[in-house]
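The following exercises are intended to be worked through with the sequence and the model side by side. Each task is followed by a solution in steps.

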Amino acid sequence: AKKIILDCDPGHDDAVAMLLAHANPEIELLGVTTIGGNQTLDKVTHNAQCLATEYGMEGVPIHAGCDRPLLRPVNPAAKEHGESGLDGVVLPEPAPLSEGHAVDFIIDTIMENEPGTVTLVPTGPLTNIAMAVRKEPRIVDRVKEVVLMGGGVHVGNRGPVAEFNIWTDPEAAKIVFNEPWPITMVGLDLTHQALATDEVAKKIADLGGPVADFVLGLFTFFRKAYQDSQGFEFPPVHDPCTVAYLIDPDIVKCVKVPIDVETAPGITNGMTVADFNAPIDETVHTQAAMELDFDGFWSLVVDAIDRVQKS
Ligand code: BDR
Ligand code: CA
């Protein structure tokens, strides 16, 4: 199984990423770390703890991370995720929070495991990851890869060309993209294909059971939120696409291309700039996810719900 740390801000789609990472046998979830993003750090951490109870994730540590971007103020995505960050569902009691800062957990876990075995999976702003790499630069050579949800090839959901996670902390994103570790940017090009359609909801409803109902509750809120705030008919379930890629790379087609982040103020602030004119050689350590196997992706999610309910 692939060892991962999920660094997230649940968040409806983060909640599905957690479920997939926990339930799929190809993934060994070493820990969940939280980052202020979709809502404030205290809210998303509480949500992660409650999701751990909902999914039966005993033994998976949860560590709270940074409560704000490196330079900028906190700017929650309440339109998409509500005041709690997970509006629309009733949450169970929170599982315990582990002691120690997320940044230290990330560093220690990478340094204690064999080199090349731990993958970082950030699905929120990149503040914790940037802090970790500045505190312990050796993690760059030591991780297997970074598979993140964020950015896009010149598409946006916070302005014309900026995606929420990158836009929230562009300075952190710039740090992360400029380290030479292998990065897969699972951006909006890809995740806008991961729509929770009626057909998908029916497959989940057909399973029946408490976690199926819970996920349907998430999707119902998320659908209305995306209709009202971004004009989507069905909500794009961004974050679990990262985990799906790690389970089966054939589900997410990627293009190798150099990517950097714009931090200057103005209309391109927070843009992930992909240079398709640059030569593609061994120095290029970034790739952009472009094409999703829709059925393959959703069957992984449905299977994860089924497994969690049977365990
Ligand atoms: C990203 O922003 C958040 O609202 C979602 O959880 C996802 O990680 C999509 O732009
Ligand atoms: Ca997220």
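**Exercise 1. Determine whether His-154 is buried, partly exposed or exposed, and describe its backbone.**

Solution. The structure is a predicted model. Begin with the neighbour count: 15 other C-beta atoms lie within 10 Å of His-154. A residue is buried at 20 or more such atoms and exposed at 12 or fewer. His-154 is therefore partly exposed. Next, locate the residue: His-154 lies in the loop between strand S5 (145-149) and H7. Finally, inspect the backbone: phi of His-154 is near 65°, a positive value in a residue other than glycine. As a general background, most residues other than glycine have a negative phi.

**Exercise 2. Classify Glu-99 by the same kind of count, and state where it is found.**

Solution. Glu-99 has 9 other C-beta atoms within 10 Å. The limit for an exposed residue is 12 or fewer, so Glu-99 is exposed. Glu-99 belongs to the loop between helix H3 (78-81) and helix H4 (102-112). For a reference point elsewhere in the chain, take Ala-64: 35 residues separate it from Glu-99 in sequence, and the C-alpha to C-alpha distance is 8.5 Å.

**Exercise 3. Describe the surroundings of ligand 1 and the backbone at Gly-11.**

Solution. The shell around ligand 1 holds 15 residues, of which Gly-11, Asp-13, Ala-77, Phe-164 and His-238 come nearest. Helix H1 (12-23) and helix H7 (164-168) are the elements that give two or more residues to this shell. By character, the shell divides into three nonpolar, seven polar and five charged residues. Then turn to Gly-11, which is placed in the loop between S1 and H1. A cis peptide bond joins Pro-10 to Gly-11, with omega about -10°. In general, most peptide bonds are trans.

**Exercise 4. Work out how many residues of helix H5 (residues 127-135) are buried, and what covers them.**

Solution. Seven of the nine residues of helix H5 are buried, and the helix is thus mostly covered. The buried residues are Thr-127, Asn-128, Ile-129, Ala-130, Met-131, Ala-132 and Val-133. The cover over these residues of H5 includes strand S1 (2-8), strand S2 (27-34), H4, strand S4 (118-122), helix H6 (139-142) and helix H8 (170-177).

**Exercise 5. Identify the residues of the largest nonpolar core that touch the most other members.**

Solution. In soluble globular proteins, nonpolar side chains tend to be buried together. Here the largest nonpolar core has 103 residues, and Leu-6, Met-18, Leu-19, Leu-20, Val-186, Cys-241 and Ala-244 touch the most other members. Helix H11 (residues 210-230) gives the largest share of this core, nine residues. Leu-20 serves as an example: leaving aside residues up to four places away in sequence, it touches Pro-240, Val-243, Ala-244, Leu-300, Val-301 and Ala-304.

**Exercise 6. Assess whether the overall dimensions of the protein agree or disagree with those of a compact globule.**

Solution. With 311 residues, a compact globule would have a radius of gyration near 19 Å; the protein has 18 Å, so the two agree. The C-alpha atoms fill a box of roughly 50 × 40 × 35 Å along the principal axes. Of the 311 residues, 54% count as buried. The protein contains 13 helices and ten strands. An unreviewed UniProt entry lists residues 4-298 as "domain: Inosine/uridine-preferring nucleoside hydrolase". Over residues 4-298 the chain is 39% helix and 16% strand.

Definitions and conventions: Residues are numbered from 1 along each chain as its sequence is written. Chains are lettered from A and ligands numbered from 1 in the order in which they are written. This is a predicted model: local features need pLDDT of at least 70, side-chain atom pairs count only at pLDDT 80 or more; totals for chains, interfaces and linings use all residues. UniProt positions are given in the numbering used here, feature names are shortened, and annotations may be inferred rather than shown by experiment. Helices (H or I, at least four residues) and strands (E, at least two) are DSSP runs, numbered from the N terminus. A residue is near a molecule or strand if its C-beta atom, placed from the backbone, lies within 6 Å of it. Ala, Val, Leu, Ile, Met, Phe, Trp, Tyr, Cys and Pro count as nonpolar, Asp, Glu, Lys and Arg as charged, and the others, Gly among them, as polar. The radius of gyration is taken over C-alpha atoms; the globule rule is 2.2 Å times the number of residues to the power 0.38. A nonpolar core is a set of buried Ala, Val, Leu, Ile, Met, Phe, Trp, Tyr and Cys residues joined through C-beta atoms within 7 Å. Two residues are in contact if their C-beta atoms, placed from the backbone, lie within 7 Å.
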